[in-house]
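Reader: I am new to this entry and would be grateful for a guided reading of its helices and strands. May we proceed by question and answer?

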Amino acid sequence: MSEVIEASHDDHHDHHGPAKGLARWLFTTNHKDIGTLYLWFSFLMLLIGGTLALVVRAELFQPGLQFVAPEFFNQMTTNHGLIMVFGAIMPAFVGLANWLVPMMVGAPDMALPRMNNLSFWILPFAFGMLISTLFMEAGGPNFGWTFYAPLSTTYAPETVTFFIFGVHMMGASSIMGSINIIATILNMRAPGMTLMKMPLFVWTWLITAYLLLAVMPVLAGAVTMMLFDIHFGTSFFNAAGGGDPVMFQHIFWFFGHPEVYIMILPAFGIISAIIPTFARKPLFGYDSMVYATASIAFLSFIVWAHHMFTVGMPLAGQLFFMYSTMLIAVPTGVKVFNWVATMWRGSMTFETPMLFAIAFVVLFTIGGFSGLMLAITPVDYQYHDTYFVVAHFHYVLVPGALFSIIAAVYYWLPKWCGRMYDERLGKLHFWLSFIGVNVTFFPQHFSGLAGMPRRIPDYALQFADFNMVSSIGAFVFGFSQLLLLYIVIKTIRSGQPATDRVWEGAHGLEWTLPSPAPYHSFTEPPVVTEADAHS
Amino acid sequence: MGTETTNIGRTALKLCLIVVGMFGFGFALVPLYGLLCDITGLGGRTGGQYSYDPAETRVDQSRLVKVNFITNTNGGMPWQFWSEKGGVRVHPGELKEVLFYVKNTTERRMVGQAVPSIVPVSATDYFHKTECFCFNHQILEPGEEMAMPMRFIVDAELPKNVQSISLSYGLFDVTALTSQEELNAFDGNPDYGARSGPDDQNSAQGAAE
C-alpha cells in the first residue's frame with residue numbers, strides 16, 4: 001500500500017502539500033494535521049472547561065448563594081472535571097503525540113492514518129453531546145466527574161444517557177489513538193532507533209498508551225453497566241436488587257487511578273525533553289527514567305482503593321493500599337531527582353518553555369507531597385472530600401499536566417509553524433500563569449485542612465478569605481490563557497522565522513527537519529546519530 | 001514496506017485483543033468483587049439462610065454479645081420500618097428471635113426489599129440467620145402493617161475481641177423492579193413470601209399478621 005503512495009508522489013513532486021479548504025481538515029490522514037486538530041480542539045475545551053471553573057469560583061467568591069442555584073453549581077463542577085480530563089488534557093497529549101512521535105522516531109506518518117482521522121473526529125461529537133445536555137431542561141451531569149452510583153444511576157438527570165454515550169465515544173477515541181501510537185512506535189522506528197535510544201516523550205507515551213488500552217475498556221464496561229441499570233432493569237450497582245454501589249467505586253477507580261497517570265506520564269516525557277535542552281546537558285539517568293515510568297505504570301494498577309479509604313474496608317486492605325501508594329513516591333522521586341541533577345551545573349537559560357518546565361518540577365512535587373499526605377489512611381479520614389484533595393489534584397494537573405502541555409507548545413511551536421513566538425509575551429504569560437495558579441490553589445490546602453468540603457456552592461464564614469483569594473487567582477489564571485491564544489496566533493501570523501535547530505541545546509530527530517516541518521517528513525528513514533538519540 | 005504493513009496489522013490486532021480482554025475483565029470484576037466480599041466480609045455482607053441443629057450447637061454461656069439493630073429506609077422509600085428492640089444481649093450459640101415491623105404508609109401496593117449489612121466485618125462469618133425477611137420481597141397493600149421475625153445465632157466461634165455487633169437493614173423500594181409474575185404469584189397464594197415461610201413450621205409463632 002505504501003509503495004503505491006510513494007509511486008504516485010513521485011509522479012508530481014510539486015504538490016506534496018495539503019488539500020485546500022475545509023476538506024483538508026475533515027479528510028486528512030496526515031499526522032501533523034491531525035495533531036494540530038487535536039491541539040486546537042483541546043484548547044477550545046480548555047476555554048470551555050475553564051469558563052465552567054470560573055462560574056464555580058465566582059459563586060465561591062463569597063459565602064452565600066450569589067449567581068447560580070446549587071443544582072446548576074453541581075453541573076458546573078461535574079462538567080468542568082469531565083471536560084478538562086477527557087477534553088483538554090488527554091486530547092492535548094494525543095495531539096502532541098501525533099505531531100511528535102513520528103518525527104521523533106523517524107517515521108513518515110502514524111501507522112494507521114485513517115483510524116487516526118476517525119479517532120479525532122469522533123471527539124467533537126462526544127463533547128458536543130456532553131455539552132448539549134447543559135442546555136436541556138433536565139440539565140447536564142451533576143454527579144461529579146467520578147459519577148458514583150447511585151447518584152449517576154437512580155438519582156441521575158434524564159440526560160445521563162447522553163453522558164454515557166459521550167464517555168463511550170471518548171473511550172473509543174482514546175483506544176484507537178493508543179493502538180495507533182503503539183503500532184507506530186513498535187513498527188515504524190528508523191533503523192538504529194532502538195527502544196533504549198527513543199526520546200523519553202516516546203517512551204512515556206508508549207507506556208501511557210498501554211495504560212489507556214488496559215483501563216479505557218473497563219471504563220466503557222462501567223458506563224455500560226450504568227446504562228443497563230438505568231434502562232434495562234439490571235442491578236449492578238443497585239443495592240435493592242442485590243447489587244453494590246461500592247463496587248462502582250472499585251471499578252471506577254480501577255480505571256481512575258491509571259487514568260491520573262495517563263494524564264501525567266506524557267508530561268514527564270515533555271519535561272525530560274525540555275530541561276536537557278535549556279540546561280545544555282544530556283538527561284541525567286535516562287535508563288532509570290524509563291524504568292521509573294514503567295514502575296509507576298505498574299503501581300497505578302494496585303493502588304486504586306486509596307481513593308475510597310472512608311467507604312470502609314478491612315484493616316489489611318487499608319494498610320496494603322496505603323503502603324503501595326506510598327511506594328509510588330520512589331519512582332517519582334527518581335524522576336524529580338534526575339531532572340534536578342540534569343540542571344545541576346548546566347549552562348541554564350530561562351526561555352519560556354524552560355520556565356514552565358521548572359515550574360512543573362517544583363509545583364508537581366508539591367502536588368506529589370500532598371498526595372503522600374492523602375495516602376496516609378488515618379489522615380485521609382480527615383482530608384477526604386475536602387478542599388485539600390481539590391488542591392492536591394489541581395497541583396498535579398494544572399501546574400503539572402497543563403504546564404507541561406503549555407511548555408511543549410512553546411518548545412515545539414517554532415518547529416511546527418516555522419516561526420518564533422514572542423519571548424517577552426511568553427514570559428509574561430508564564431508569570432501570570434505561575435502566580436495565578438498558586439494564588440488559586442495554594443489557599444485551598446488551608447481551607448481543606450480546616451475542613452471545607454468540596455463540591456459545595458456555599459460554605460461556612462471562616463473559609464471566606466481563602467475562597468476570595470482563590471477566586472481572584474482563578475480569574476487571573478483563566479484570563480491569562482487568552483494571552484496564550486494571542487501569542488500562538490501572533491506567532492503563526494507574524495513570528496520571526498525560526499532556525500531548523502531552533503534551540504541551541506536541542507537534540508532529537510525532529511530538530512534535523514527544516515522549520516516549519518514539511519508536510520511529509522522522513523519519507524526516507526533518517527540516519528540516527530548518537531546526538532539525535534536520548535534527547 | 002509490505003512487511004511493515006503486515007507488522008502494523010499484526011500489532012493492531014494484538015492490541016485489539018487487549019481491548020476486548022479488558023472490556024471483558026471489567027465485567028468479570030462483578031463476580032470477582034462478589035467473591036472478594038464473601039471471603040473478606042467486605043461490605044458487611046451476611047450469608048443466606050442458615051440450617052441449624054440445636055442438638056449439635058454449643059452455647060457459650062461464659063460471655064454475652066450485644067447485637068444492635070439499625071433500621072433505615074432508603075431515600076424515596078415512604079414505608080415505616082422499625083424493630084421491637086434496639087438491641088439484645090445473647091450468648092454465642094443461642095438462637096434468638098427479634099421482630100421487625102414495616103408499614104406501607106402510601107395509597108398503593110408497594111414492594112420492599114431489606115438489605116442487611118454487618119459491622120464489624122470480622123463478625124460477618126459468625127452471624128447466622130435461620131430466618132430473615134431479607135430473604136424475600138415484602139409486598140404490602142396500602143396502609144398494611146406487618147411484623148417480620150428474624151432469627152439468628154451468633155456463632156460460638158466468634159472472636160473474643162468482638163463484644164458488640166451491629167446489624168443494619170436498609171429498606172428499598174423495589175416496586176419497579178418486581179416482575180408481574182411475582183405479583184400474580186402473591187395474589188394467588190396467601191402464604192407467599194415473608195408473611196410465612198411455607199417450609200418453616202416455626203414461622204407462625206413469629207409472624208403476627
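Author: The exchange below concerns a predicted model and takes up a helix and then several strands.

Reader: How many residues of helix α6 of chain A are buried?

Author: Helix α6 of chain A covers residues 160-187 and reaches 40 Å from its first C-alpha to its last, close to the 40 Å expected. A residue counts as buried if 20 or more other C-beta atoms lie within 10 Å of its own. By that criterion α6(A) is mostly covered, and of its 28 residues the number buried is 23.

Reader: Which strand of chain B runs antiparallel to β9(B), joined to β9(B) by eight bridges?

Author: Strand β1 (residues 65-73) of chain B is joined to β9 (residues 164-173) by eight bridges, but these two run parallel. In that pairing Lys66(B) stands opposite Ser164(B). On the antiparallel side, Val119(B) stands opposite Ser166(B) of β9(B). The strand asked for, with residues 110-119, is β5 of chain B.

Reader: Which strands are the edge strands of the open four-stranded sheet in chain B?

Author: The order of this sheet is β2-β4-β8-β6, with antiparallel pairing. Each edge strand pairs on one side only, and the two edge strands of chain B are β2 (80-83) and β6 (127-131).

Reader: What does the twist average from one strand to the next in that sheet?

Author: The sheet is an open one of four strands in chain B. From one strand to the next, the twist averages 30°.

Reader: Which residue of β8(B) stands opposite Val98(B)?

Author: Strands β4 (residues 95-103) and β8 (residues 145-154) of chain B pair in the antiparallel sense over nine bridges. Opposite Val98(B), in β8(B), stands Met150(B).

Methods: Residues are numbered from 1 along each chain as its sequence is written. Chains are lettered from A and ligands numbered from 1 in the order in which they are written. This is a predicted model: local features need pLDDT of at least 70, side-chain atom pairs count only at pLDDT 80 or more; totals for chains, interfaces and linings use all residues. The expected span of a helix is 1.5 Å times one less than its number of residues. A residue is buried if 20 or more other C-beta atoms lie within 10 Å of its own, exposed if 12 or fewer, and partly exposed in between; C-beta atoms are placed from the backbone. Two strands pair if DSSP finds at least two bridges between them. Axes are lines fitted to C-alpha atoms, for helices over the stretch in contact, and angles run from 0 to 180 degrees between N-to-C directions.
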